[in-house]
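Got the model open in your viewer? Let's walk through it one selection at a time.

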Amino acid sequence: MTSDRLPPTDQSLPIALLRAREAVMAPIRGMLAASGVTEQQWRVLRVLAEHGPLDASTVAERASLLFPSLTRTANAMRQRGLISQVQDQTDRRRQLLDITAKGRQVIEDNLQEAVAISQHYKMHLGAARYADLLSLLQALAASDPNRPR
């Protein structure tokens, strides 16, 4: 039996996800404000530090940014010396984004606090529930019919 009514807001998935995001991001925003980088810049730095040089489309996807937002973010990051744009060695027509030493230093400077924030949520939920939550969120994201495969 289906209902023609919306669930109460405290049972609404979109609202619950927004509330959870805000709770998770609050301490991260504090950490980043002290570092002078935005949430988007942090995600780009994390992706490039983890994966090495990547084309802009891949960075946008892995950092959960729309391509126009990545373009603006990357321009600001290049101007600050956090990332560079390099020519792909195998396909000289392609340009890749790469993290610089200055960008790696931003991550290094925030590493202990970022790990502590992550550990707080793991302890609060418990390791198994934390892993389950990540798995469920990844499955939910993969169910998006508009998501590139």
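Which residues in α5 meet which residues in α6? Keep in mind as you click that this is a predicted model. Select Ser 118, Tyr 121, Lys 122 and Leu 125 on the α5 side, then add Ala 127, Arg 129, Tyr 130 and Leu 133 from α6. Sorted by class, this contact of α5 with α6 has five nonpolar, one polar and two charged residues.

Now show the two helices whole: α5 covers residues 101–125 and α6 covers residues 127–142. Their axes come within 6 Å and cross at roughly 110 degrees. Angles from 65 to 115 degrees count as roughly perpendicular, so that is how α5 sits relative to α6.

Keep α5 on screen and bring in α1, residues 13–35. Here the axes are 11 Å apart and the packing angle is about 170 degrees. Anything over 145 degrees counts as roughly antiparallel, so α1 and α5 get that label. To see the contact itself, pick Ala 23, Val 24, Pro 27, Ile 28, Met 31 and Ser 35 in α1, and Asn 110, Glu 113, Ala 114, Ile 117 and Tyr 121 in α5. By class, the contact of α1 with α5 breaks down into eight nonpolar, two polar and one charged.

Next stop, the largest pocket. Its volume is about 2500 Å³. It is lined by 50 residues, and those closest to its centre are Val 24, Met 25, Ser 64, Leu 134 and Leu 137. Colour α1, α2 (39–51), α3 (56–62), α5 and α6, since each of these helices supplies at least two residues of the lining. Colour the lining by class instead and you get 31 nonpolar, seven polar and 12 charged residues.

Stay with Ser 64 for a moment. It is in the loop between α3 and α4 (67–80). Check its backbone: phi is near 55 degrees, a positive value in a residue other than glycine. Is Ser 64 buried or exposed? Its relative accessible area is 60%, so Ser 64 is exposed.

For a contrast, finish at Gln 41, in helix α2. With 7% relative accessibility, Gln 41 falls under the 20% cut-off, so Gln 41 counts as buried. What does Gln 41 touch, not counting residues up to four places away in sequence? Select Gly 36, Thr 73, Ala 76, Met 77 and Arg 80 to see those partners of Gln 41.

Technical notes:
Residues are numbered from 1 along each chain as its sequence is written. This is a predicted model: local features need pLDDT of at least 70, side-chain atom pairs count only at pLDDT 80 or more; totals for chains, interfaces and linings use all residues. Side-chain values use heavy atoms; hydrogens and water are left out. Axes are lines fitted to C-alpha atoms, for helices over the stretch in contact, and angles run from 0 to 180 degrees between N-to-C directions. Helices (H or I, at least four residues) and strands (E, at least two) are DSSP runs, numbered from the N terminus. Angles under 35 degrees count as roughly parallel, over 145 as roughly antiparallel, 65 to 115 as roughly perpendicular and the rest as oblique. Contact means heavy atoms within 4.5 Å. Ala, Val, Leu, Ile, Met, Phe, Trp, Tyr, Cys and Pro count as nonpolar, Asp, Glu, Lys and Arg as charged, and the others, Gly among them, as polar. On a 1 Å grid over the protein atoms alone, a cavity is a set of points where a 1.4 Å probe fits but cannot get out, and a pocket is an open set with protein on both sides within 12 Å along at least five of seven lines; lining residues have an atom within 4 Å of a point. Grid points are joined across faces, edges and corners, and a volume is the space filled by probe spheres set on the points. Buried means under 20% relative accessible area, exposed over 50%, partly exposed in between (1.4 Å probe, protein chains only).
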